[in-house]
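This briefing concerns the protein structure shown below. It covers charged side chains over rings, aromatic pairs and strand pairing, in that order.

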Amino acid sequence: MGLYLNPGNDAFYMAVNDDIYVDKSEMISWANGKLNKNSRYICVSRPRRFGKSMTAEMLTAYYSRGCDSSELFEKLKAADSPSFKKHLNKYDVIHLNIQQFLRKADSLCNLSKRIERDVIAELHECYPDYISPEQQSLPDVLSTIYFKKTGNEKGFIFIIDEWDCLFRIARNDTVSQKNYLDFLRDLFKDRTYVTLAYMTGILPIKKYGTHSALNIFDEYSMVNPGELAPYTGFTEEEVKTLCEQFQMNFHEVKKWYDGYHFSECLHIYNPKSVVDVMLKKEFGSYWTETETYEALKIYIEMDYDGLKDAIIIMLGNGTYPFNPRKFQNDMTTFKTKDDVLTLLVHLGYLAYDKEKQEAFIPNQEIAAEFLNAVDEPAWDCVIQAISRSKKLLDATLALDQAAVADEMNAIHTDTTSLLKYNDENSLTCSVFIAYYSAKLYYLPPIREMPTGAGFADVVYLPRKNIDKPALLIELKWDKSATGAIEQIKKKQYTQWIENYTGEILLVGINYDKLSKHHECVIEKLK
């Protein structure tokens, strides 16, 4: 066994024997189905703390020659697969952590050369009769070994962890990036010695224009997790089991760490945060253990039209539509707010609803990071508006129309410096942040909900077992609040929530651009 060639199973052994281990080994059966096929090239991108390295260590422990992992896996789900014994410890595995190589390389431009030198040295120790010490091209060395070896398992399995760290550390060094991508392309493309290539990182593969530099890889990301969605983090059932084992309040855990939804029925939790809260018995944000709010602040303060509107709406527990398909998969090429929002999805600061193509802040842990990031002079207006939100919500529930109008006037004054307060969309932004406190009692607000003969601007439905009325808010720009209420009734907006049996408050808010004041009308329906 070596550092890179067949490094063994010690790392995965420690993971399995840790205080908390959630069995994700069923993924091995999926990986076995990719061996020696055109689909054998896999790139998995997830945020930090989502278990990427542990999965890489699991695959290394399973496939590596020179060790016996049967006892390690015998009680795990993978052992039940029909293909389990067929591939157990049968392959030469080359496991590379690119971040470690970056620390050892003399320069970024020499990264590929350092990888080749170190891996070839180990290959020569293992196969001295196949290759000569003078050979310096890793693809040539691997090809030589492959064609001289015999047996059904003569190919190599590549496990590359943190494959994209060069793009995150040397964000503007395009020369080093291109050299590195050329090295990977030469290592993998059209190479029969590749039995499986599994790469992990935070970013998907870098694009140049509209094309990927490594288009042989199938990509599984936070935007398109595909069939790997259940292995992206902890599932809800896995978290429930942990809560029972460690006697933790599941609903509180859900509020803090749920939120990455890949379908209506599949909720994914941040694994590291869940493990930390189980062991430490204290709810809070564990995100700052590997990231700081400074990293988030850089991106949300970028000067792209509509970006601050999007952040304000999502701070108010709302969702925001965006297009992730033009993102160039790096941390420097930004052309629109959509590029920034897409990066924040890959970094884990935002979640993505693929069906609706909308971004949102996933949970209370990440919301805390956003509040840290906006706790700066440039965002003072948002902090002030949030501080007023409880008073505004209380006034709404008390049907105090004048108080709601007064609070909206104050929030308008607060947010004018950030928002172009000149249309109904900016009024919607203010409403989302104005009702920030509603997240304690209400589900995420629904924007432009289809209701009756039209669309209600904003709808808040109370959470299960919360004794609060639903809020149906209609906004008007330079018209009248009474007209907003009449529109709700005329177009029968309440029909959409006819199965909701509690009270409904109809809230009409109008902004008069001449007087720069709001008016509010509230009616209660049964």
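The charged end of Lys149 lies over the ring of Phe156, 5.1 Å from the ring centre. The model is a predicted one. Aromatic side chains recur in it, with 26 aromatic pairs in the structure, and its strands include an open sheet of five with parallel pairing and an open sheet of three with antiparallel pairing.

**Charges over rings**

- Phe156, whose ring lies beneath the charged end of Lys149, belongs to strand 3, which spans residues 156–161.
- A further contact of this kind involves Lys468, whose charged end sits over the ring of Tyr441 at 4.8 Å from its centre.

**Aromatic pairs and cluster**

- The structure holds 26 aromatic pairs, and one of them is formed by Tyr4 and Phe101.
- The rings of Tyr4 and Phe101 are tilted, with 35° between the planes and 5.0 Å from centre to centre.
- This pair links distant parts of the chain, since its members are 97 residues apart: Tyr4 lies in the segment before helix 1 (10–16), and Phe101 lies in helix 6 (residues 98–104).
- Tyr4 counts as buried because its relative accessibility is 9%, below the 20% cut-off.
- Phe101 likewise counts as buried, because its relative accessibility is 1%.
- One aromatic cluster is made up of Phe12, Tyr21, Tyr62, Tyr63, Phe73, Phe84 and Tyr91.

**The five-stranded sheet**

- Strands of a sheet pair through backbone hydrogen bonds, in either a parallel or an antiparallel arrangement.
- In the open sheet of five strands, the order is 2-3-4-1-7 and the pairing is parallel.
- Strand 2 (92–97) and strand 7 (218–220) are the edge strands, each pairing on one side only.
- On average, neighbouring strands of this sheet are turned by 15° against each other, direction ignored.
- Strand 3 and strand 4 (residues 194–201) run parallel and are joined by five bridges.
- Within this pairing, Ile157 stands opposite Leu196 in strand 4.

**The three-stranded sheet**

- The open sheet of three strands has the order 8-10-9, and its pairing is antiparallel.
- Its edge strands are strand 8 (234–235) and strand 9 (260–261), and each of these pairs on one side only.
- Two bridges pair strand 9 with strand 10 (residues 267–269) in the antiparallel sense.
- His261 stands opposite His267, a residue of strand 10.

Note on methods: Residues are numbered from 1 along each chain as its sequence is written. This is a predicted model: local features need pLDDT of at least 70, side-chain atom pairs count only at pLDDT 80 or more; totals for chains, interfaces and linings use all residues. Side-chain values use heavy atoms; hydrogens and water are left out. Two strands pair if DSSP finds at least two bridges between them. Helices (H or I, at least four residues) and strands (E, at least two) are DSSP runs, numbered from the N terminus. Axes are lines fitted to C-alpha atoms, for helices over the stretch in contact, and angles run from 0 to 180 degrees between N-to-C directions. Rings of Phe, Tyr and Trp (its six-membered ring) pair if their centres lie within 6.5 Å; planes under 30 degrees apart count as stacked, over 60 as edge-to-face and the rest as tilted. Buried means under 20% relative accessible area, exposed over 50%, partly exposed in between (1.4 Å probe, protein chains only). A charge sits over a ring if NZ of Lys or CZ of Arg is within 6 Å of the ring centre and within 35 degrees of the ring normal.
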